[in-house]
Amino acid sequence: MSLRDALRIPASAITDETVYRQRRQLLAVFAAAPALTLAGCAEAEPPPPPKTAITPAQARSGFRTDEELTRLDDITSYNNFYEFGTGKSDPSRAAKTLRTRPWSIAVGGECAKRGALSLDNLLKGLSPEERVYRMRCVEGWSMVIPWLGVPLGEVLKKFEPTSKAKYVAFTSLADPKQMPGVRYRSINWPYREGLRMDEAMHPLTLLATGLYGKPLPQQNGAPLRLVVPWKYGFKGIKSIVAIDFVEKMPETAWHDLQPSEYGFFSNVNPNVDHPRWSQKTERRIAGKASKLFAERIPTRIYNGYGDQVASMYAGLDLKKWF
Ligand code: MTE
């Protein structure tokens, strides 16, 4: 199978390196002429989020689910981590080369306390707690995973974001020495993701450090990855090395590759189909169900976390801002 088949993207959508470089040069020209780009920017920004607050009890009701857990073996052997290859079983085989200690994260942008921080300093005073979340992949399968992690908002507060911080941008490690997949242009490395500030501060959003009570296996994004249970799985950026507070909606890896297919918000939504497949149902890989014979169940709006998160999107056209 070719890399393109594995990615399921048409040849026309893959950017040739020359075109890519020309596009970068063009962008540089636009950057030098802000008046020209102003209209585009204004269009590209969604309306500001409504001021919402959920009660601690509302938040807690999303921290657990009684649904059957996906087996550890499936969670750790059926992965997307393109830095280690595009096949689902590549990361469990290849990610052993990822060194997760020492690890440091550069925190910057619109905040009072910037700095490069060791993993231990980043998590100082916070002890990981267990959260059992339903996870829904954009490709149509889902799992129920007992994560260990700390609320991302608790970590972000320590850096004192300023009023200009409207979004948070995340960047993964991209080291070809440790990550064989980075030698191929399956993605414009490094892998990048972003959240709006209220999404990042939401109590359900987890900076995951482990699963099934143990530190994260490399293939699942060690030592630190994002878990946002109401969004498609690809928002869960792995092996994070940089966090930046920014004023404008940041570019993300999948949007950069295929803007028409992967929006910034990527909220799980059975009413908005992916251009190439329906999002109405999902194959739930849990308990004894194998990947092939997993039960097909209806997909729920916001992956079933609407009580906790829907108010953040009141008034937002979810078809436009998918
Ligand atoms: N993060 C990085 N750095 N690289 C990736 O390729 N894949 C994403 C996301 N985070 C990815 C990533 C996708 S597409 C999914 S579905 C989830 O990780 C998969 O997480 P899991 O392997 O722990 O299930």
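In the predicted model, isoleucine 105 lies opposite leucine 117 of strand β2. The pairing of strand β1 (residues 104-109) with strand β2 (residues 115-118) is antiparallel and comprises four bridges. The connection from β1 to β2 is a hairpin of five residues. In a regular strand, side chains point alternately to the two faces of the sheet.

Beyond this hairpin, the protein chain contains 11 helices and 12 strands. Of its 322 residues, 49% are classed as buried. Among contacts in the protein chain with a separation of 6 or more, 72% involve residues 24 or more positions apart. The accessible surface of the chain amounts to about 15500 Å², and carbon and sulfur atoms contribute 57% of this area.

A nonpolar patch on the surface is formed by Leu69, Leu72 and Tyr212, which together present about 230 Å² of accessible area. Leucine 72 belongs to helix α5 (residues 72-75). With a relative accessible area of 40%, leucine 72 is partly exposed, because this class covers values between 20% and 50%.

The whole structure contains 11 aromatic pairs. In one of them, the ring centres of tyrosine 78 and tryptophan 141 are 5.1 Å apart and the planes meet at 65°, so the arrangement is edge-to-face. Tyrosine 78 is located in the loop between α5 and α6 (90-94), whereas tryptophan 141 is part of strand β4 (residues 141-151); the pair therefore ties together parts 63 residues apart in sequence. Tyrosine 78 counts as buried at 16% relative accessibility, as does tryptophan 141 at 11%. The rings of phenylalanine 234 and tyrosine 262 also form an edge-to-face pair, with centres 5.3 Å apart and planes at 80°. This pair links distant parts of the chain, 28 residues apart: phenylalanine 234 is in the loop between β9 (225-227) and β10 (240-246), and tyrosine 262 is in the loop between α10 and β11. Both phenylalanine 234 and tyrosine 262 are buried.

One aromatic cluster is made up of Tyr167, Phe264, Phe265, Tyr302, Tyr313 and Trp321. Within this cluster, phenylalanine 265 is placed in the loop between α10 (253-257) and β11 (281-285). Its relative accessible area is 1%, and phenylalanine 265 is therefore buried. Excluding residues up to four places away in sequence, the contacts of phenylalanine 265 include Pro46, Arg196, Glu199, Met249 and Leu316, as well as the cluster members Tyr313 and Trp321. Lysine 231 is also touched by phenylalanine 265; the C-alpha atoms of these two residues are separated by 7.5 Å, although the residues are 34 positions apart along the chain.

Terms used: Residues are numbered from 1 along each chain as its sequence is written. This is a predicted model: local features need pLDDT of at least 70, side-chain atom pairs count only at pLDDT 80 or more; totals for chains, interfaces and linings use all residues. Side-chain values use heavy atoms; hydrogens and water are left out. Two strands pair if DSSP finds at least two bridges between them. Helices (H or I, at least four residues) and strands (E, at least two) are DSSP runs, numbered from the N terminus. Patches are made of residues with over 30% relative accessible area and no salt bridge: like charges are joined within 9 Å, nonpolar side chains (Val, Leu, Ile, Met, Phe, Trp, Tyr) within 5 Å. Accessible areas come from the Shrake-Rupley method with a 1.4 Å probe; for residues, only the protein chains shown count as cover. A salt bridge is a side-chain nitrogen of Lys or Arg within 4 Å of a carboxyl oxygen of Asp or Glu. Buried means under 20% relative accessible area, exposed over 50%, partly exposed in between (1.4 Å probe, protein chains only). Contact means heavy atoms within 4.5 Å. Rings of Phe, Tyr and Trp (its six-membered ring) pair if their centres lie within 6.5 Å; planes under 30 degrees apart count as stacked, over 60 as edge-to-face and the rest as tilted.
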